[in-house]
Amino acid sequence: MTLYDLKPAFQARLRPYVDRLAEKGVTANQVTLAAAAISVLVGLLVMAAEVRPLFLLIPLWLGLRMAFNTADGMLAREHGQKSGLGAFFNELGDVVSDAFLYAPFAILPAFGPGLVAFVVLLAVLTEFAGVLAQALGASRRYDGPLGKSDRALVFGVIGAWVGFGWPLPDWSALALWAVAILLVVTIVKRVRAALAEMPVRAGE
């Protein structure tokens, strides 16, 4: 089970607000682009300022971003706003947002730029595996153990820890290596699930 499994309950709570957005003419693409833009700004601000309390912006925005991401999907599906361009915005926006929101952790000596860059790369590959499954005839894969929502929880907790000024323990780098390993497991699971689901083509 991952946090993604809780999405239906979250959607039910957001539905009245999403309906109001639709009534006011707000589109799914506008919500998607706004979420990506705010993610970039938050990441750049935290990284440039190098002030530990500003790391509190990361868990705060990661929580709000989940609401944005859920709302844009509901606007698309439930209010007739699905489009090919919207699908591109959604997938590319998520990857860009993750990269900018994880990047500030590279300035922390406990992690360093190399390890954080590696985790960002694996996060990108995780989402690429999910999208590629759909392109090859399977469904969009959201398998865990470390999907987008789960990563948001992990980095949100670390961001809150840093933001409150608590010292990072000596094993902090090992925790991020554990995240990397779980991302690899997630990629493998998504690939295997997609292959099992893909239609068998004649002659192959």
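Which element gives the most to the nonpolar patch? Helix α5 does, with five residues. Keep in mind throughout that this is a predicted model.

**Stop 1: the nonpolar patch**

Select F118, L121, L125, F128, L132, L136, W171, L174 and W177. Together they form a nonpolar patch on the surface. Their joint accessible area is about 910 Å². Now colour α5 (113-135) and α7 (172-197), the elements that give two or more residues to this patch. Pick out F128 as one of the patch members; F128 is found in helix α5.

**Stop 2: the second largest pocket**

Stay with W171, which belongs to the patch and also lines the second largest pocket. Add F111, V154, V157, I158, W161, L168, P169, S172, A175, L176 and V179 to complete the lining. The space inside this pocket is about 220 Å³. Which elements each supply at least two residues of the lining? They are α6 (148-163) and α7. Colour the lining by class next. Eleven of the residues are nonpolar, one is polar and none is charged.

**Stop 3: the cavity**

Move to helices α2 (28-49), α3 (57-78) and α4 (84-102). Each of them supplies at least two residues of the lining of the largest cavity. How many cavities of 30 Å³ or more does the count give? It gives one. The largest cavity holds about 40 Å³ of space.

Select T32, A35, A36, R65, N69, D72, F89, N90, G93, D94 and S97 to show the lining. Helix α4 gives the most here, with five residues. Colour by class again. This time there are three nonpolar, five polar and three charged residues.

**Stop 4: a salt bridge from the cavity lining**

Keep R65 selected; it is one of the residues lining the cavity. Then add D98. The side chains of R65 and D98 meet in a salt bridge, at 2.8 Å from N to O. This pair links distant parts of the chain: R65 sits in helix α3 and D98 in helix α4, 33 residues apart. In the model as a whole, the count comes to eleven salt bridges.

**Stop 5: two backbone details**

Go to the loop between α2 and α3, where E50 has its place. What is the phi of E50, which is not a glycine? It is positive, at about 55°.

Next, select G144 and P145. A cis peptide bond joins these two residues, with omega at about 15°. P145 lies in the loop between α5 and α6.

**Stop 6: the annotated spans**

Finish with the record. An unreviewed UniProt entry carries the annotation "transmembrane region" for residues 27-47, 54-71, 99-132, 152-168 and 174-191. Select two of these spans in turn.

- Residues 27-47: the end C-alpha atoms lie 31 Å apart, and the span is 95% helix and 0% strand.
- Residues 152-168: the end C-alpha atoms lie 19 Å apart, and the span is 71% helix and 0% strand.

With the second span still selected, bring back the pocket lining. V154, V157, I158, W161 and L168 are among the lining residues, and the annotation covers residues 152-168. For a last view, show α7 once more. This helix gives two or more residues to the nonpolar patch and supplies at least two residues of the pocket lining.

Methods. Residues are numbered from 1 along each chain as its sequence is written. This is a predicted model: local features need pLDDT of at least 70, side-chain atom pairs count only at pLDDT 80 or more; totals for chains, interfaces and linings use all residues. Side-chain values use heavy atoms; hydrogens and water are left out. Patches are made of residues with over 30% relative accessible area and no salt bridge: like charges are joined within 9 Å, nonpolar side chains (Val, Leu, Ile, Met, Phe, Trp, Tyr) within 5 Å. Accessible areas come from the Shrake-Rupley method with a 1.4 Å probe; for residues, only the protein chains shown count as cover. A salt bridge is a side-chain nitrogen of Lys or Arg within 4 Å of a carboxyl oxygen of Asp or Glu. Helices (H or I, at least four residues) and strands (E, at least two) are DSSP runs, numbered from the N terminus. On a 1 Å grid over the protein atoms alone, a cavity is a set of points where a 1.4 Å probe fits but cannot get out, and a pocket is an open set with protein on both sides within 12 Å along at least five of seven lines; lining residues have an atom within 4 Å of a point. Grid points are joined across faces, edges and corners, and a volume is the space filled by probe spheres set on the points. Ala, Val, Leu, Ile, Met, Phe, Trp, Tyr, Cys and Pro count as nonpolar, Asp, Glu, Lys and Arg as charged, and the others, Gly among them, as polar. UniProt positions are given in the numbering used here, feature names are shortened, and annotations may be inferred rather than shown by experiment.
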